[in-house]
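Work through the exercises below with the structure open beside you. Try each task before you read its solution.

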Amino acid sequence: MRRRSSGPGEDEPACREELLGWLMVTMEAGGLPLELWRIILAYLQLPDLGRCSLVCRAWYELVLSLDSTRWRQLCLGCAECRHPNWPNQPNVEPESWREAFKQHYLASKTWTKNALDLESSVCFSLFRRRRERRTLSVGPGHEFDSLGSALAMASLYDRIVLFPGVYEEQGEIILKVPVEIVGHGKLGEVALLASIDQHCQTTRLCNLVFMPAWFSPCMFKTTSGHVQFDNCNFENGHIQVHGPGTCQVKFCTFKNTHVFLHNVPLCVLENCEFVGSENNSVTVEGHPSADKNWAYKYLLGLIKSSPSVLPTEDSDCFMSLDLESRDQAWSPRTCDIVIEGSQSPTSPASSSPKPGSKAGSQEAEVGSDGEGVAQTPDSSDGGLSPSGEEDDEDQLTYRLSYQVQGPRPVLGGSFLGPPLPGASIQLPSCLVLNSLHQELQKDKEAMALANSVQGCLIRKCLFRDGKGGVFVCSYGRAKMEGNIFQNLTYAVRCIHNSKIIMLRNDIHRCRASGIFLRLEGGGLIAGNNIYHNAEAGVDIRKKSNPLILCNQIHHGLRSGIVVLGNGKGIIRNNQIFSNKEAGIYILYHGNPIVSGNHIFKGRAAGIAVNENGKGFITENVIRENQWGGVDIRRGGVPVLRSNLICFGYSDGVVVGDEGKGLIEGNTIYANKGCGVWMMSSSLPHVTSNHVSYNGLYGVAVFSQKDGSAEFPGGHGAQENFSEDGDAILWETELEKDDDPLRRPITIALVESNSINHNGAPGRLFLTGVTGAEPGTTLCLLCFPTPLPVASGLYVQSSEALHVITNVIHANGDRGVTVAQSGQLTRVVNNSISCNRQSGVRVEAQCRVELRGNGIYDNRGCGIVTKGDSTIVIENDIIGNRGSGLQLLPRSDTKVLVQENIIFQGKASKTVFQQIPNNRECIMQNNKFLVFKKKSDTWRLVNPPARPHLENSLRGPSAAHGGQKVTAMATRITARVEGGYHSNRSIFCTIL
């Protein structure tokens, strides 16, 4: 009887349980329970099970229910196969033993698929009865005593059985007809010492131990036919397959054996073990042959029908990578200054009071993030007024209403406020990692590449304890899925225009790099676990250009990924963590695209760009690294854009000696050191960044730093990147770079940044960050450690510097400190407000130009200077708690103070402190605002509040032009009762 045809949906588990229930009732009615039927069927052989499954639908389901009993016995009892998950996971049960047995059975028959084709070439083949295969026995006491003599008598598709023993052939064996050679008994009982050259179209060898003959190290060779190896051991020799020849190898062990595949259109190596190789275990050389033998289409169908390691649907619900609010324009803000009575000093209010309104607001919200400024006594910079009196509660105060604006940060929420102890910080959706399935769904080209099969397919194999794993060269093609590479010198090398596809492999404890690409190698490296390697996890050199996607690269003894020597590549959506050196190291004109990665907990920098390295680094999370989140030096010129650089144990971004590049639109948050640390010899363009809540300075420029001559975390000087002696050639092979984002600048430029809340004293600071899943939720573990106060911008430089259109707000010390400036430092069109001490302080022997700045509501003086040459032109210095402008006494001080508006918010403080009898101090055309009555209010109608940005410098990136700082205020409106003086050297106070 034939099994009844099943309708749609009847194979579902619910339907199967219903059928089994019906079967149980029926069979129990006949006298036997279902459990006894299962026991009876468990004694049947494979053909009998097949016949039983054809009786009816219920019997078919009953046979399927024997998966963990009879089907498991059949699979493990087959001498031609091993555990389905051998050698990588021999203790893990397959999803279905029956399916595993079925796959092996179908694969074992591939070599005979052309039998009908051969017979059909004979005339009248349809009228001839098909000849039965013969079995030829070889061994002591059997029909033949050697393999050679059996082959001489073999016909098409005969089966030759070698009984236990050692068979040594004294000459080369030529296979002229398709045969099957099988060892009898357990694996290891039949050893064959021979050199076999296949000239026929197909053959199969099973359950044998191969060793090389005394006259040749080559154990097997084929140039056009198909060979199939099942459950064999190969020792101390090599195997050669030349295109259009093909091979299929499964459940084999290779001990110090080299598999050489030359121009093969398709070869499959599955569930094999490679041990102790003295060279490469597998070499794939040459472009796949356009000529294909008969087995190509069958191998391709077998690959497509077998389970793939590619994910179909992931359990993790990562959100898509999509930056939001990155290009939003900054909205203008208003700045209304109102003089009125108040019971106590107040901070800036959140709304503009109308004339005559009550001054009942004691607290203020300053800034778009809603962060208030605590009220503290005046700082030392503001305590130099002649009166020296304490602030009187009944004195007139001001209320300055404005919103602090800067580059609108890419990230909101947790990254706008201070890091709180024990608080969890949820990453926004734009910075959460995607799964490999999601990335492949988004990138159709990567999906097509992942699904393609060409050249050699190696899957579920184990490479261990040898020199090399897989070597792909000279336009070769190889795909590796679900393999383990361990304790090798290297896992995979891809050179000379070759392409590799690596999916879900485990690569660890290599004595050099895990994956090495050179000389325009490329392909897809996705979903791999790469760790504990002595050199870089992935090494990209000399114009190689792979796609590195969704890997975990961690705990390396050097860097995670190295890109050098004009290497390229797209490095996307990876987790790179806990490496001893930089997570990603770019040097010698390496130029990768690095986007959407999580780089964290490294013992050196997160990303290091050195020795003229480049790179487009965007939308990464770089956190908790021991050194700088990003380290740029020695001619490095990257584009660093829209990254989150946070919770580092040192500085956020380090631009060392001769570092360059564009640093734009990043969120640099809660690092223990500076937000951005620069050497004066560097030439970066730092623009549109949100630099906040860092432990020391927001932005610091130094002439030198202790230990700066050394590379942090072992970056290098001792690392040898000139393997194969080709480092000398790199300089002569450079590609021309016409990238407008990297246009050279002659003076370091700090432009259009928001630098706020840095260096606040006594803040709780990060000691560790933990997360249930790396890159998702950050939990802060803090302890109360007072940090040294620091300025928003600190300059100690011997080179020129331009500081333009920044918002410098609510920092723990001064807004801007110029401690050393051998050449001119230009501070132009900045908003400097609410800092704990002075707005700007210029030390002796400094050359500084202060032009067009709005200096508001700082708790010390507005400007304090004793520099040799200071220019103060067209600034609004309003509402500061110390003197508006203070010139410290020096006999050689040269100051030009011209066309400024100075108003003081404290009645007990002087508007201006001048050096007596100093003819080098020139004061002209300044406006000192005063009032007479306590009830007076005033508003300045013209000109608009500074900074004025209509004609200010702009950055090179048109795409991000909307992020530049707009005016501090649209208008200051005032009605002045009293007057102002514009004569030079006039001493004025608020009455």
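**Exercise 1: One side of a helix**

The buried residues of helix α3 are Leu-49, Cys-52 and Ser-53. The model is a predicted one.

Task: Find how wide an arc these residues cover around the axis of α3, and what covers them.

Solution.
- Step 1. Look down the axis. The buried residues span an arc of only 100°, so they sit on the same side of α3.
- Step 2. Look for the cover. It includes α2 (34-41), α4 and α5 (67-77).

**Exercise 2: Two helices that cross**

Task: Describe how α3 and α4 meet, and sort the contact residues by class.

Solution.
- Step 1. Take the axes of α3 (residues 46-53) and α4 (residues 57-64). They come within 7 Å and cross at roughly 140°.
- Step 2. List the partners. From α3 come Leu-49, Cys-52 and Ser-53; from α4 come Trp-59, Tyr-60 and Val-63.
- Step 3. Sort them. Five are nonpolar, one is polar and none is charged.

**Exercise 3: Two faces of α9**

Task: Which residues of α9 are buried, and which exposed residues does the face turned away from them carry?

Solution.
- Step 1. Go through residues 296-305. Tyr-296, Leu-299, Leu-302 and Ile-303 are buried, that is, under 20% relative accessible area.
- Step 2. View α9 down its axis. The buried residues fall within an arc of 130°, so they line one face of the helix.
- Step 3. Turn to the face away from the buried side. Lys-297 and Lys-304 are exposed there.
- Step 4. Name the cover over the buried residues. It includes the helix α6 (97-108). It also includes the strands β11 (226-230), β14 (246-250), β17 (266-270) and β23 (455-459).

**Exercise 4: The nonpolar cores**

Task: Find the residues that touch the most other members of the largest nonpolar core, then follow the contacts of Ile-160.

Solution.
- Step 1. The largest nonpolar core has 125 residues. Ile-160, Phe-210, Leu-261, Val-282, Phe-485 and Ile-561 touch the most other members.
- Step 2. Ask which strand gives the most to this core. It is β26 (residues 484-495), with five residues.
- Step 3. Follow Ile-160, leaving out residues up to four places away in sequence. Its contacts include Leu-136, Val-138, Leu-147 and Ala-150. Glu-180, Ile-181 and Val-182 are also among them.
- Step 4. Look apart from this core. Another core of 15 residues lies there, with Trp-59, Trp-71, Leu-74 and Phe-101 among its members.
- Step 5. Recall the general rule. In soluble globular proteins, nonpolar side chains tend to be buried together.

**Exercise 5: Unusual backbone spots**

Task: Locate the cis peptide bonds at Pro-87 and Pro-244, and the positive phi angles of Ala-670 and Tyr-693.

Solution.
- Step 1. Trp-86 and Pro-87 are joined by a cis peptide bond, with omega about 0°. Pro-87 is in the loop between α5 and α6.
- Step 2. The bond from Gly-243 to Pro-244 is cis too, with omega near 5°. Pro-244 lies in the loop between β13 (238-242) and β14.
- Step 3. Ala-670 is not a glycine, yet its phi is positive, about 55°. Ala-670 sits in the loop between β49 (667-669) and β50 (676-679). It is buried, with a relative accessible area of 1%.
- Step 4. Tyr-693 is not a glycine either, and its phi is also positive, about 55°. Its loop runs between β52 (690-692) and β53 (699-702). Tyr-693 is buried, at 2% relative accessible area.

Note on methods. Residues are numbered from 1 along each chain as its sequence is written. This is a predicted model: local features need pLDDT of at least 70, side-chain atom pairs count only at pLDDT 80 or more; totals for chains, interfaces and linings use all residues. Side-chain values use heavy atoms; hydrogens and water are left out. Buried means under 20% relative accessible area, exposed over 50%, partly exposed in between (1.4 Å probe, protein chains only). Helices (H or I, at least four residues) and strands (E, at least two) are DSSP runs, numbered from the N terminus. The arc is that of the directions from the helix axis to the C-beta atoms. Contact means heavy atoms within 4.5 Å. Axes are lines fitted to C-alpha atoms, for helices over the stretch in contact, and angles run from 0 to 180 degrees between N-to-C directions. Ala, Val, Leu, Ile, Met, Phe, Trp, Tyr, Cys and Pro count as nonpolar, Asp, Glu, Lys and Arg as charged, and the others, Gly among them, as polar. A nonpolar core is a set of buried Ala, Val, Leu, Ile, Met, Phe, Trp, Tyr and Cys residues joined through side-chain atoms within 4.5 Å.
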